[in-house]
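Here are some short exercises to work through with the structure open beside you. Try each task before reading its solution.

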Amino acid sequence: MKGTVKPVFSFNLSHKTVEKKVCIGKYDGTHSCLTAVTNSDKVVIHSPHRRSGIANSRVSWSNVHHDIASLTLSQQITAIECGKLNPSDEKEVLIIGSPTHILAYNIEENMDLFYKEIPEGIQTLCIGFIGMVQVPVVVTAGQGGLRAFDSTGTEHLWLITGCNCLTLVLFDVDKDGHNEILIGSQDSMIKIYKQDTLLYEFTENGMIVDLMRPGHFAYASDNGTVGVYEKNLRLWRIKSKHKPTSVIDYDFLGMGTSQLLTGWDNGKMDIRDISTGSVLFKIYLSVGITKLLKSDYRGIGKIDLICCTVDGEVRGYTTSKINIAAINVMEQEQITELFNIKHALMLELQHYESNLKYNMASKSQQMEEFSDTPSDIGVIPANTRLQIGIATDIENNKSSPSIEISICTNNSTIIRAVIIFAEGLFSGETLIVHPHKVNVSKLSIPVKAPKDIQYDIHIKALIGFANSQQFHVFELTRQLPKFAMYALPKTVTGSPKSTEFFSTLAKHRSSGENCVEFHIDERIQRICIWINQNFLLPADIEAQSATSGKETRGGSLKLQLIALRKLTDICMEFNENGNVILHTPELEMAGNFIKSLSEFLDINNLKTVAKFPEITKQLKELFEKLNGLQETQQKLLVEQNEKIAAIKNLSVRLTDARIHDHKLLVKYSNDLMTLHEDLLTNFVIRLKNANELQLAIKTINELLQHGAKLRIGKSAALVMKHFKEAVKNNNIETIVKLFETGDI
């Protein structure tokens with residue numbers, strides 16, 4: 001339902017705002033002030049309740065717009081947030097994040113609460129309570145790390161996330177009275193942490209740009225997807241060609257319950273039912289929306305919805321006094337539904353009439369050139385079926401193996417075109433294939449899955465005859481298993497094979513190779529079920545003897561596979577005593593296998609022993625490099641400060657020389673130019689050093705995160721806890737031991 005709703009107030013900041021970098025804070029403890037970051041990294045504060053203000057060292061009030069102040073900082077601003085950090089003080093503070101530091105600033109008192117260096121940088125901020133911490137904290141997230149600080153700057157949490165966090169919210173997911181941390185990352189992941197422990201992890205198909213908690217929690221990604229989860233279950237999601245910029249919950253329509261509001265980069269704001277995702281109302285603005293907020297901005301004790309746009313316009317909406325959704329919504333839905341049915345029937349009738357005309361024309365003209373095709377060219381046989389086969393193709397294309405989707409018909413009909421839709425599998429999520437030859441009844445399509453996740457594949461095929469002008473559309477849905485990009489080294493055909501048969505295909509492995517070892521108490525039959533469900537094998541594995549055909553109570557299995565992405569060998573050994581050895585050079589791959597197996601077998605705690613000599617060597621080298629880079633950074637900083645002090649001194653002397661000695665003036669000018677050049681060179685070196693430092697920290701974080709993922713439950717949380725302590729103490733030997741054994 002489209003409509004026009006007048007805002008209850010509006011104003012313009014006279015500055016363009018940046019997506020996500022808008023917040024509302026009560027800096028005097030009473031009145032709401034909208035705060036936004038401009039394109040030039042200036043902070044603009046709108047304070048309608050304070051018409052005049054005293055300029056201080058940072059905040060300056062506009063002489064033209066008396067309700068707008070500006071705050072200028074000497075660094076790039078990557079995130080801002082407002083909130084109450086001190087429980088004993090009603091005044092809220094402004095938190096500013098940069099690529100290297102965090103600043104907590106009390107605007108009312110013109111005072112810094114704390115200013116700290118954040119090596120991993122800051123991409124997003126949030127203020128609230130987490131876990132068992134009794135005071136409010138500001139949570140920062142950036143490249144590979146997450147931290148929490150109280151009002152004094154004391155660090156209460158440091159977490160290695162292993163991803164570039166773009167957005168975060170605090171929300172009680174498990175309903176235990178304590179907030180969990182939800183983060184959305186650049187690599188399309190949504191992660192939920194309870195203190196140090198990773199509770200849930202979801203993979204979407206676009207960079208997560210916003211998260212929101214409406215009782216459930218909603219997300220928005222840069223590929224146009226908006227969806228809602230309830231705990232770890234996704235209720236719904238929709239896809240648009242435009243990019244969502246902000247999501248929030250608010251009772252806009254006066255229904256008595258909150259709706260999900262989404263702001264888009266094309267200026268649209270849609271209101272949806274949180275449980276179903278159905279659109280209840282739409283509003284269109286002339287420019288893109290940067291942020292949706294809610295606050296008692298008018299100071300009347302009523303929460304308003306505040307919509308900020310790219311050009312700096314701010315609109316305030318309030319909850320409707322009457323239920324807008326109830327007005328003509330049912331009637332509108334019924335009309336829309338009937339119109340869609342009518343449109344579909346009219347289209348079907350049009351196709352039948354066109355088919356009839358074409359067939360009659362074909363009979364009257366007696367087309368001899370089509371004598372080998374049925375006379376009813378536009379109609380295909382009633383028993384026509386579309387057959388789909390999905391298998392790994394390693395024999396025909398050994399240099400670049402892939403998954404092969406085979407599509408064929410069961411008669412003389414041909415395939416004119418195939419459309420495959422799968423989120424995250426193709427660029428643009430859709431693949432359209434036209435056969436190279438004109439008349440083919442079988443088509444093979446190579447596909448490569450970029451991640452180890454399940455993919456739903458929706459296939460539409462146009463089926464007809466060679467001379468058909470109209471084609472029948474066949475629709476089928478298939479699912480790629482999680483580990484479809486792993487294939488047997490040899491071709492296997494026929495009926496299900498025994499564990500003994502697959503074990504004969506595996507190579508002998510020495511215990512010293514790259515591997516992970518652990519113990520599980522589980523029947524081999526359950527292991528075979530997990531493999532059959534999660535891998536794309538040409539024949540299922542059955543836990544039975546090859547001679548007797550009976551199921552074995554114990555039994556072992558050795559499964560040799562090839563990873564199609566990097567063409568590396570993998571071997572999984574499941575022994576009779578419950579010991580499992582997973583041979584693979586890929587650390588992330590091992591973690592994915594262990595996580596999937598633990599979820600299937602409902603294992604809540606799992607200890608493992610990891611033997612990756614190359615990775616432990618890499619860790620040692622990275623920490624040595626990190627220490628060297630940090631020492632270099634300190635030396636360069638000292639050298640920079642010395643040069644700045646020398647420049648200041650020379651500047652004073654230069655001023656004196658202009659009056660008393662022109663020869664010294666030339667000398668000091670040349671010296672000053674040399675120092676400026678040295679300072680620029682120092683900056684270039686420091687920049688290169690900082691980039692290398694960030695890369696080293698990122699790589700270390702990723703390796704430690706993958707090392708923790710080799711364990712499950714409490715073991716993983718304990719490893720991460722000891723990892724952090726060892727990193728703080730720069731204890732490389734402890735880190736290596738933790739990585740290998742999981743114990744100190």
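The exercises below deal with sheets and helices in this model, which is a predicted one.

**Exercise 1. Work out the strand order and the edges of the sheet that holds strands 18, 19, 20 and 21.**

Step 1: Start with the order. The four strands form an open sheet and follow one another as 18-19-20-21, with antiparallel pairing.

Step 2: Look for strands that pair on one side only. These are strand 18 (208–212) and strand 21 (233–239), the edge strands.

Step 3: Follow the twist, which averages 15° from one strand to the next.

**Exercise 2. Trace the pairings of strand 20 within that sheet.**

Step 1: Go to strand 19 (residues 217–221). Four bridges pair it with strand 20 (residues 225–230) in the antiparallel sense. Here A218 lies opposite V228 of strand 20.

Step 2: Now turn to strand 21, which is joined to strand 20 by six bridges and also runs antiparallel to it. In this pair, Y229 faces R234 of strand 21.

Step 3: Check the connection. Strands 20 and 21 make a hairpin with two residues between them, and K231 in the turn has a positive phi of about 60°.

**Exercise 3. In the sheet ordered 7-8-9-10, which strands stand at the edges?**

Step 1: Set out the sheet: it is open, has four strands and is paired antiparallel.

Step 2: Count partners. Strand 7 (79–83) and strand 10 (111–117) each have a single partner strand, so each has one side without a neighbour in the sheet.

Step 3: Inspect one pairing. Strand 7 meets strand 8 (residues 93–97) over five antiparallel bridges, and E81 has I95 as its bridge partner in strand 8.

**Exercise 4. Describe how helix 5 and helix 8 pack.**

Step 1: Take the axes. Those of helix 5 (residues 613–660) and helix 8 (residues 732–741) come within 10 Å and cross at roughly 155°.

Step 2: Classify the angle. Angles over 145 degrees count as roughly antiparallel, which means that helix 5 is roughly antiparallel to helix 8. The crossing is right-handed.

Step 3: List the contact. Helix 5 supplies I615, T616, L619, K620, F623 and N627, while helix 8 supplies I732, E733, I735, V736, F739 and E740.

Step 4: Sort these residues by class: seven are nonpolar, two polar and three charged.

**Exercise 5. Which residues of helix 3 are buried?**

Step 1: Within helix 3 (residues 524–534), pick out I524, Q525, I527, C528, W530, I531 and N534.

Step 2: Find what these buried residues pack against: helix 2 (499–505), strand 39 (541–542), strand 40 (557–563), strand 41 (568–574) and helix 4 (587–601).

Definitions and conventions:
Residues are numbered from 1 along each chain as its sequence is written. This is a predicted model: local features need pLDDT of at least 70, side-chain atom pairs count only at pLDDT 80 or more; totals for chains, interfaces and linings use all residues. Side-chain values use heavy atoms; hydrogens and water are left out. Two strands pair if DSSP finds at least two bridges between them. Axes are lines fitted to C-alpha atoms, for helices over the stretch in contact, and angles run from 0 to 180 degrees between N-to-C directions. Angles under 35 degrees count as roughly parallel, over 145 as roughly antiparallel, 65 to 115 as roughly perpendicular and the rest as oblique. A crossing is left-handed if the near helix is turned anticlockwise from the far one by less than a right angle, and right-handed if clockwise. Contact means heavy atoms within 4.5 Å. Ala, Val, Leu, Ile, Met, Phe, Trp, Tyr, Cys and Pro count as nonpolar, Asp, Glu, Lys and Arg as charged, and the others, Gly among them, as polar. Buried means under 20% relative accessible area, exposed over 50%, partly exposed in between (1.4 Å probe, protein chains only).
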